[in-house]
Amino acid sequence: MEGLKGAFAGQAMSRSRLSARPTKLTVQTSCVATPVKPPSTKLAKRSKVEIVKEKSDFLRHPLMEELVNENSYINEDAVQLMKFHGSYQQDHREKRAFGQGKFYQFMMRTRQPGGTVPNQLYLTMDDLSEQYGNGTLRLTTRQTYQLHGVLKQDLKTVFSSVIKNMGSTLAACGDVNRNVLASPAPYKNRPEYQYATQYANDIADLLAPQSGAYYDVWLDGEKFFSHEMENPKVTADRAFNGYGTNFENSPEPIYGNLFLPRKFKVAVTVPGDNSVDLFTNDLGLVVITSPSGELEGFDIVVGGGMGRTHRNESTFARLADAIGYVPKEDIFHAVKAIVATQRDYGRRDDRKMSRLKYLVNEWGIDKFRSVVEQYYGKRFQPFRPLPKWEFKDFLGWMDQGDGKLAYGIYIQNGRLKGDLKKALRNVIERYELPVRLTPNQNIILCDIEETWKADIVSTLSGAGIKDPDAIDSLDRYSMACPALPLCGLAIGEAERGLPDINNRIRVLMNKLGFGPDEHFHIRMTGCPNGCTRPYMAELGFVGDGPNSYQLWLGGTAAQTRLAEPFMERMKVQNLESTLEPILVLFHQQRRPTETLGDFCARVGFEAIRKYSYGYVSEADASKLPQVGLPADLYKSLEAIAAKQGKSLAHVACEAVRQHIVPATRASSAEASSWLTLKQPHSAVLEVKKSKFLTTAWPITAVSQAEQYIEEHRDFSASHNCYAYKLNQEQRANDDGEPSSTAGQPILSAINAEQLNGVCVLITRHFGGTKLGTGGLARAYGGAARDCLRLAEKEVFQRQAGVQMQVPFNSLGPVYQVLNKHNAQQRTEQYSEVGEVTIDVEIAVNSLEEMKQDMLDATHGVVKPELLQ
């Protein structure tokens with residue numbers, strides 16, 4: 001396993017690692033095992049991005065050439081390299097013009113360890129957003145800026161301006177360590193918070209790319225020195241290669257020419273402060289101090305991450321595990337060891353599976369720790385006890401502890417724009433204030449003199465900026481990613497959609513009797529990659545298409561437990577009808593101080609779904625048709641309703657649904673999908689010397705079953721008994737065995753396994769001992785059951801042919817909808833009038849939803865039609 005995964009690093013890594021091994025063998029401590037060979041011993045399959053990185057001369061080419069040509073875009077190889085420099089090429093989908101193709105522009109992201117922003121840099125970013133961006137600034141969930149709308153010809157001006165004004169974009173994106181989070185607390189009298197900020201900067205420096213390509217691209221090779229010199233210990237510990245963490249004589253001593261398999265995220269915080277969502281990071285550090293405030297070391301957690309892919313169960317969100325404690329003098333060595341383990345063993349063939357969390361999950365934390373210790377050269381000490389975690393947003397007025405004040409300001413979904421942006425610029429420029437960006441898309445003004453407070457409040461309130469206590473708590477504790485129209489991964493709204501969602505939830509809560517300050521943590525993303533960490537939310541919305549979201553429930557207010565998917569698809573128009581029964585049950589049965597997330601985790605989804613199944617709102621009950629009941633039955637329903645704390649309509653609806661829905665399903669002529677076998681499977685059962693040879697096949701037609709039976713009959717055997725089932729077509733055959741002792745038990749086994757589209761043939765070779773009718777039924781039924789249980793299964797989807805006429809400027813959203821519903825393209829024909837005729841096959845049970853999504857995505861322009 002290790003040899004294969006290490007092989008993804010390639011030959012260059014193998015040479016460098018081999019050169020380091022003799023040193024490792026001579027100084028390795030006796031308590032830590034040493035690999036007998038390096039992980040990189042042979043080449044294996046690698047993704048295309050790995051080849052691009054390897055050939056780029058440490059992130060230079062072809063990016064440098066692409067930036068100076070006349071195109072408005074850069075090619076795909078350059079796009080991959082551009083990420084390492086802190087930028088994504090984007091297509092503004094809502095600015096496309098007919099016949100003009102994509103509207104290319106760039107998003108630039110800064111590197112702000114701990115979210116600290118000097119006054120000079122803030123003013124520069126504000127200026128750049130007006131001169132070269134779209135007039136707004138975006139505060140991210142990783143304490144950085146995003147500047148949207150930059151055109152290709154302005155990139156060099158924008159990047160060089162940031163660099164020369166105390167900023168950087170280096171490694172803000174790409175397969176490297178991203179921006180390092182730290183608690184944004186502005187306290188100057190709390191040494192643990194000062195250490196968190198310091199080490200966020202130090203680790204950012206430790207893991208920053210070193211080759212100089214960044215300055216070659218943006219400053220023509222002139223390295224611009226920042227206002228702060230690197231910590232000498234960072235420089236020394238980066239260079240140390242006693243245990244094989246480094247590439248000798250490489251411009252990139254830690255990363256090599258392939259860098260990491262995927263992005264790597266680090267957060268630093270203090271005990272009890274989970275403002276950074278510690279457990280969602282690849283690597284999390286917790287500052288441990290003595291009672292007098294002296295730094296002692298760090299607790300370390302590893303293997304967290306949010307990104308996943310819809311309907312791909314091999315991808316998942318994961319919380320970090322505790323790996324141990326490290327004294328302060330060794331922290332940089334420990335960080336390098338963890339990064340080197342991911343570098344050498346993380347997968348490089350499938351980028352969806354390349355994050356550290358998958359390596360930790362596959363190996364388990366004990367094996368992972370043992371491998372990291374080989375690079376570290378020591379054993380990790382036991383994890384230090386920590387207090388209970390709390391979520392902190394640091395909004396409102398705070399005493400910094402040095403005689404000055406700080407003021408945390410709520411920024412809805414992190415978007416600085418309009419009067420709010422102008423007022424902040426006014427205050428920050430007038431008083432020369434530094435700021436801190438928070439992991440929750442807000443901003444903290446720092447170093448405020450008491451005498452300035454009144455003027456600052458007046459200026460900000462004049463622009464409509466509210467004090468945090470005046471903000472609806474649903475908004476205060478919610479986050480959304482930018483999503484449409486700029487993010488290339490977005491398949492739904494988030495930043496533009498969440499404000500209305502929150503308003504509708506508040507109206508619903510008011511109707512149900514919740515207090516005006518009651519809230520829960522809400523997070524929304526436009527795709528499953530999880531930039532706003534929705535899988536930690538008490539209520540998470542994950543984009544699944546136009547006006548459609550996965551619904552996640554059960555996270556905690558402290559961000560310490562993963563939510564779980566409650567509903568695969570919820571249309572926005574069904575928000576109230578979906579949430580109302582959940583909130584009613586929560587309101588009725590919650591414990592004192594219990595939050596929505598804790599309630600959902602305690603009672604479980606089965607109970608919530610059961611309650612929702614028959615729920616009828618008061619408004620609906622008054623409008624729905626009425627049915628007469630005998631008095632005794634009515635009284636029984638009243639008694640049940642009173643006992644269960646439900647309305648009479650609720651109990652009646654539950655009872656009717658339980659009776660009618662199964663009957664309706666049973667009478668359905670033909671299902672659109674069913675559980676069947678993935679491939680044929682065979683098994684052998686011996687009972688009293690009789691051998692029962694069983695073979696089962698998946699089928700999609702009765703004629704297919706009959707053909708299999710005819711081809712596989714063994715005429716030398718005593719009996720060839722069979723059964724098959726395909727929707728309403730069922731047949732069982734005893735082939736000479738006593739009536740109902742063979743075929744019917746086989747059919748019963750198919751039904752017991754809840755299978756459809758299955759044919760089972762059992763060939764019996766008589767062994768000389770009669771089994772009797774009961775014995776025969778048990779033998780045939782058991783043989784079929786055992787075979788079917790061991791067979792690999794899958795869900796079969798009936799397909800339908802669909803055709804649509806698509807204008808060129810609608811191809812983007814059309815393909816997104818088709819991809820979402822896993823439609824298989826058959827033909828594509830281009831006309832001379834600016835239209836494309838597209839034929840696809842799609843699962844029948846997705847057809848109606850796909851049609852609606854297509855209408856929503858194209859504003860009614862594209863109307864799919866079923867092919868006969």
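This is a short tour of a predicted model, going from its nonpolar cores to its cysteines and then to a surface patch.

**Stop 1: the largest core.** Select Tyr 122, Ile 300, Phe 368, Leu 424, Leu 445 and Leu 460. The largest nonpolar core has 114 residues, and these six touch the most other members. Now add helix H11, residues 331-345. Nine residues of this core come from that helix, the largest share.

**Stop 2: Leu 424.** Center on Leu 424 and show its contacts. Which residues does Leu 424 touch, leaving out those up to four places away in sequence? They are Tyr 122, Ile 409, Ile 411, Leu 416, Ile 443, Leu 445 and Leu 460.

**Stop 3: the second core.** Select Ala 483, Ile 501, Phe 514 and Phe 599. They are among the 38 residues of a second, separate core.

**Stop 4: the cysteines.** Select Cys 527 and Cys 487. Cys 487 holds the cysteine sulfur closest to that of Cys 527, at 5.7 Å. A disulfide needs the two sulfurs within 2.5 Å, so this pair is too far apart for a bond. The count of disulfides in the model is zero. Is Cys 527 buried or exposed? Cys 527 is buried, with a relative accessible area of 8%. Move on to Cys 600: this residue is also buried, at 2%.

**Stop 5: the surface patch.** Turn on the surface and select Val 627, Leu 629, Leu 633 and Tyr 634. These residues form a nonpolar patch, with about 380 Å² of accessible area together. Zoom in on Val 627. It sits in the loop between helix H21 (618-623) and helix H22 (631-644). Val 627 is exposed, because its relative accessible area is 71% and the cut-off for exposed is over 50%.

Definitions and conventions
Residues numbered from 1 in each chain as written. Predicted model: local features only at pLDDT ≥ 70, side-chain atom pairs only at ≥ 80, totals over all residues. Heavy atoms only, no water. Patch = residues over 30% accessible without salt bridge, like charges linked within 9 Å, V, L, I, M, F, W, Y side chains within 5 Å. Areas by Shrake-Rupley, 256 points an atom, 1.4 Å probe, with all protein chains shown as cover. Salt bridge = Lys/Arg side-chain N within 4 Å of Asp/Glu carboxyl O. Helix = DSSP H or I, 4+ residues; strand = E, 2+ residues; numbered from the N terminus. Buried < 20%, exposed > 50% of the residue type's maximum accessible area, 1.4 Å probe, protein only. Core = buried A, V, L, I, M, F, W, Y, C linked by side-chain atoms within 4.5 Å. Contact = heavy atoms within 4.5 Å.
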